[in-house]
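Opening the notebook on this one. I want to walk through a few spots and jot down what turns up.

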Amino acid sequence: MLSETPVAVDRGGYRDTVTPWAEPAWRAEVLARVRAGFTAHGLRPTGRWRVRPRPWSVLLRLDVEEHGAVWFKANPPAGASEGGLTAALARWVPGHVLEPLAVDTGRGWSLLPDGGPLVRDVLAREAVAPGAWEELVRQYAAVQHALAPHAGDLARLGVPAVPTAALPGVLDRFDDTPPAHRERAALGELRLPPPA
């Protein structure tokens with residue numbers, strides 16, 4: 001039973017971050033949603049929760065029989081479009097993103113199968129040949145190209161966007177927070193003059 005599963009919480013460098021994970025009612029709701037997702041996919045938990053509350057999301061990992069692990073992610077309102085976006089990407093560019101097991105677009109929640117080791121963990125263990133990066137960039141470009149016809153659909157999903165023509169205005173709204181003034185000046189020098 002998921003509610004009896006031991007929990008290990010990893011706050012990393014964010015010990016004072018307040019997230020919904022601290023609220024028992026929210027946790028109970030998450031467990032009910034995960035339980036429903038497990039039942040729908042015939043999954044059985046085998047280990048304890050590993051929880052990573054961060055300022056930008058709450059991420060939970062649970063080991064499951066025969067499938068390695070399942071991940072639950074809760075995004076804050078600013079990132080709530082991520083679950084719906086992931087489901088849409090799985091349809092539009094299958095094989096390039098994980099196909100969610102369940103998505104709650106209203107809450108910004110998603111339940112995902114394990115995608116394998118994180119890139120940062122792979123890089124910490126072994127050297128990666130330049131060809132691997134070239135292939136990754138090639139695939140990323142192919143995905144971008146395949147998604148071009150879906151720009152309107154992305155906007156309807158609530159994915160934040162800045163049209164290319166609006167980018168100079170975004171640069172103008174930077175204040176003196178990073179990047180530093182020197183870097184901002186260098187970016188300004190790269191700006192094309194306005195059309196005559």
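**Entry 1: a loop proline**

I started at Pro-94, which sits in the loop between H2 and E5. This is a predicted model, so I kept confidence in mind throughout.

Is Pro-94 buried or exposed? Its relative accessibility is 56%, so I put it down as exposed; the cut-off for that class is over 50%. I also looked across to Val-143, 49 residues away along the chain, and found its C-alpha atom 9.8 Å from that of Pro-94.

**Entry 2: helix H2**

Next I went to the helix that precedes this loop. H2 covers residues 81-92. I checked its length: at 1.5 Å a residue, twelve residues should span 16 Å, and the end C-alpha atoms are 16 Å apart, so the expectation and the model agree. The expected span uses one less than the number of residues, which is why twelve residues do not give a higher figure.

How many of the twelve residues of H2 are buried? I got nine, so I noted the helix as mostly covered. The buried set is Ser-81, Gly-83, Gly-84, Leu-85, Thr-86, Ala-87, Ala-88, Leu-89 and Ala-90.

What covers them? My list includes two strands, E5 (102-104) and E6 (109-113), and two helices, H4 (130-147) and H5 (151-156).

**Entry 3: Thr-86, inside H2**

I picked Thr-86 as one residue of H2 to look at in detail. Its relative accessibility is 17%, so it counts as buried, the limit being under 20%. Setting aside neighbours within four places in sequence, I found Thr-86 in contact with Val-97, Leu-98, Pro-100 and Leu-112.

**Entry 4: Ala-155 and Leu-123**

Ala-155 belongs to helix H5. With a relative accessible area of 49%, it goes down as partly exposed, because the exposed class needs over 50%. I then checked Ala-155 against Ser-81: the two are 74 residues apart along the chain, and their C-alpha atoms are 9.8 Å apart. Ser-81 is one of the buried residues of H2.

Leu-123 is in helix H3, residues 119-125. I noted 41% relative accessibility, so this leucine is partly exposed too. Which residues does Leu-123 touch, not counting those up to four places away in sequence? Val-128 and Trp-133.

**Entry 5: the whole protein**

I zoomed out after that. I count seven helices and six strands, running β-α-β-β-β-α-β-β-α-α-α-α-α from the N terminus. The C-alpha atoms fill a box of roughly 65 × 40 × 35 Å along the principal axes.

Of the 196 residues, 28% are buried. Among contacts with a separation of 6 or more, 52% are between residues 24 or more positions apart. The exposed surface is about 13,000 Å², with carbon and sulfur atoms supplying 59% of it. For charges, I noted 22 positive and 22 negative, with mean positions 3 Å apart.

**Entry 6: how far to trust it**

Mean pLDDT for the protein is 86, and 90% of its residues reach 70 or more. Which elements mark the two ends of the range? H2 has the highest mean, 95, and helix H6 (residues 167-172) the lowest, 73. A reminder to myself: where pLDDT is low, the predicted coordinates should not be read in detail.

Note on methods. Residues are numbered from 1 along each chain as its sequence is written. This is a predicted model: local features need pLDDT of at least 70, side-chain atom pairs count only at pLDDT 80 or more; totals for chains, interfaces and linings use all residues. Side-chain values use heavy atoms; hydrogens and water are left out. Helices (H or I, at least four residues) and strands (E, at least two) are DSSP runs, numbered from the N terminus. Buried means under 20% relative accessible area, exposed over 50%, partly exposed in between (1.4 Å probe, protein chains only). Contact means heavy atoms within 4.5 Å. pLDDT is the predictor's confidence in each residue, from 0 to 100. Accessible areas come from the Shrake-Rupley method with a 1.4 Å probe; for residues, only the protein chains shown count as cover. Lys and Arg count as positive and Asp and Glu as negative; His and the chain ends are not counted. The place of a charge is taken as NZ of Lys, CZ of Arg, CG of Asp or CD of Glu.
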